Amino acid sequence: QVQLVESGGGLVQPGGSLRLSCAASRSISSPNTMGWYRQIPGNERELVARYSSDGITNYADSMKGRFTISRDNAKNTVYLQMNNLESGDTAVYSCNLKNRFGEYWGQGTQVTVSS
């Protein structure tokens, strides 16, 4: 199985930015989709953004325009650039990989947006 390791979370003030990274432990078979999900306290886990191996991206409506997903396939890594963060973005953000072998999750990284 592929291991996914997230990094880049932390505490940021409203209006600030963070860049999350998710590195896979080995090369990823194609076709595949890598993405980010989040779980806001008291809510169910929700999709943030995803990026397929053929270059197609999808965003949740509430994040579109503020968040940008990108991939570095040579490094087996997916990123999430988060700008203009709001208090409502506070959540645990988790990396997800889907391919023909199954679905895999990282351990999650905490993002806290607070004054």
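**Figure 1. Ser52 touches Asn32, Thr33 and Arg71, leaving out residues up to four places away in sequence.** The model shown here and in the other views is predicted. Ser52 belongs to strand 5, and strand 5 covers residues 46-52. Is Ser52 buried or exposed? With a relative accessible area of 13%, Ser52 is buried, because buried here means under 20%. Two of its partners, Asn32 and Thr33, fall within the 32-39 range of strand 4. The other partner is Arg71, and strand 7 spans 67-72.

**Figure 2. The chain is built from 11 strands and 0 helices.** Read from start to end, its pattern is β-β-β-β-β-β-β-β-β-β-β. The radius of gyration is 13 Å, close to the 13 Å that the globule rule gives for 115 residues, so the chain is as compact as a globular protein of that length. Along its principal axes, the C-alpha trace spans about 40 × 25 × 25 Å. Of the 115 residues, 43% count as buried. The chain exposes about 6,200 Å². Carbon and sulfur atoms supply 43% of that exposed area. Contacts reach across the sequence: among those between residues at least 6 apart, 53% join residues at least 24 apart.

**Figure 3. Four strands form an open sheet in the order 1-3-8-7.** The pairing in this sheet is antiparallel. Which strands lie at the edges? They are strand 1 (4-7) and strand 7 (67-72), and each pairs on one side only. From one strand to the next, the twist averages 15°. Strand 1 meets strand 3 over 4 bridges, in the antiparallel sense. One residue pair to look for is Leu4, whose bridge partner in strand 3 is Ala24. In a regular strand, side chains alternate between the two faces of the sheet.

**Figure 4. Strand 3 and strand 8 run antiparallel and are joined by 6 bridges.** Strand 3 takes in residues 18-24. How many of its 7 residues are buried? The count is 5, so strand 3 is mostly covered, where buried means under 20% relative accessible area. Ala23 stands opposite Thr77 in strand 8. Thr77 is also the bridge partner of Asp72. Strand 8 (residues 77-82) and strand 7 pair over 6 bridges, again in the antiparallel sense.

**Figure 5. Asn76 sits in the loop between strand 7 and strand 8.** Its phi is positive, at about 55°, although Asn76 is not a glycine. Asn76 is buried, with a relative accessible area of 16%. That value counts as buried because the cut-off is under 20%. What is Asn76 in contact with, leaving aside its neighbours within four places in sequence? The partners are Cys22, Ala23, Ala24, Arg26, Ser27 and Ile28. Among them, Cys22, Ala23 and Ala24 fall within the 18-24 range of strand 3.

**Figure 6. Asn84 also has a positive phi, about 50°, although it is not a glycine.** Asn84 is found in the loop between strand 8 and strand 9. How does Asn84 stand towards its surroundings: buried, partly exposed or exposed? Asn84 is partly exposed, at a relative accessible area of 45%. This class applies because 45% lies between the 20% and 50% limits. The other loop asparagine shown in close-up, Asn76, is buried.

**Figure 7. The peptide bond between Ser30 and Pro31 is cis.** Omega for this bond is about -5°. Where does Pro31 lie? Pro31 is in the loop between strand 3 and strand 4.

**Figure 8. The largest nonpolar core has 28 residues.** Those with the most contacts inside this core are Leu4, Trp36, Leu80, Met82 and Tyr93. Which strands supply at least two residues each? They are strand 3, strand 4 (32-39), strand 5 (46-52), strand 7, strand 8, strand 9 (91-99) and strand 11 (109-113). Leu4 appears in the sheet view as well, as the bridge partner of Ala24.

**Figure 9. Tyr93 is in contact with other core residues, including Trp36, Leu80 and Met82.** Neighbours within four places in sequence are left aside here. Further partners of Tyr93 include Glu6, Leu20, Tyr37, Arg38, Val48 and Phe67. Gly108, Thr109 and Val111 are also in contact with Tyr93. Of these, Thr109 and Val111 fall within the 109-113 range of strand 11. Tyr93 itself falls within the 91-99 range of strand 9.

How values were computed. Residues are numbered from 1 along each chain as its sequence is written. This is a predicted model: local features need pLDDT of at least 70, side-chain atom pairs count only at pLDDT 80 or more; totals for chains, interfaces and linings use all residues. Side-chain values use heavy atoms; hydrogens and water are left out. Two strands pair if DSSP finds at least two bridges between them. Axes are lines fitted to C-alpha atoms, for helices over the stretch in contact, and angles run from 0 to 180 degrees between N-to-C directions. Buried means under 20% relative accessible area, exposed over 50%, partly exposed in between (1.4 Å probe, protein chains only). The radius of gyration is taken over C-alpha atoms; the globule rule is 2.2 Å times the number of residues to the power 0.38. Contact means heavy atoms within 4.5 Å. Accessible areas come from the Shrake-Rupley method with a 1.4 Å probe; for residues, only the protein chains shown count as cover. A nonpolar core is a set of buried Ala, Val, Leu, Ile, Met, Phe, Trp, Tyr and Cys residues joined through side-chain atoms within 4.5 Å.
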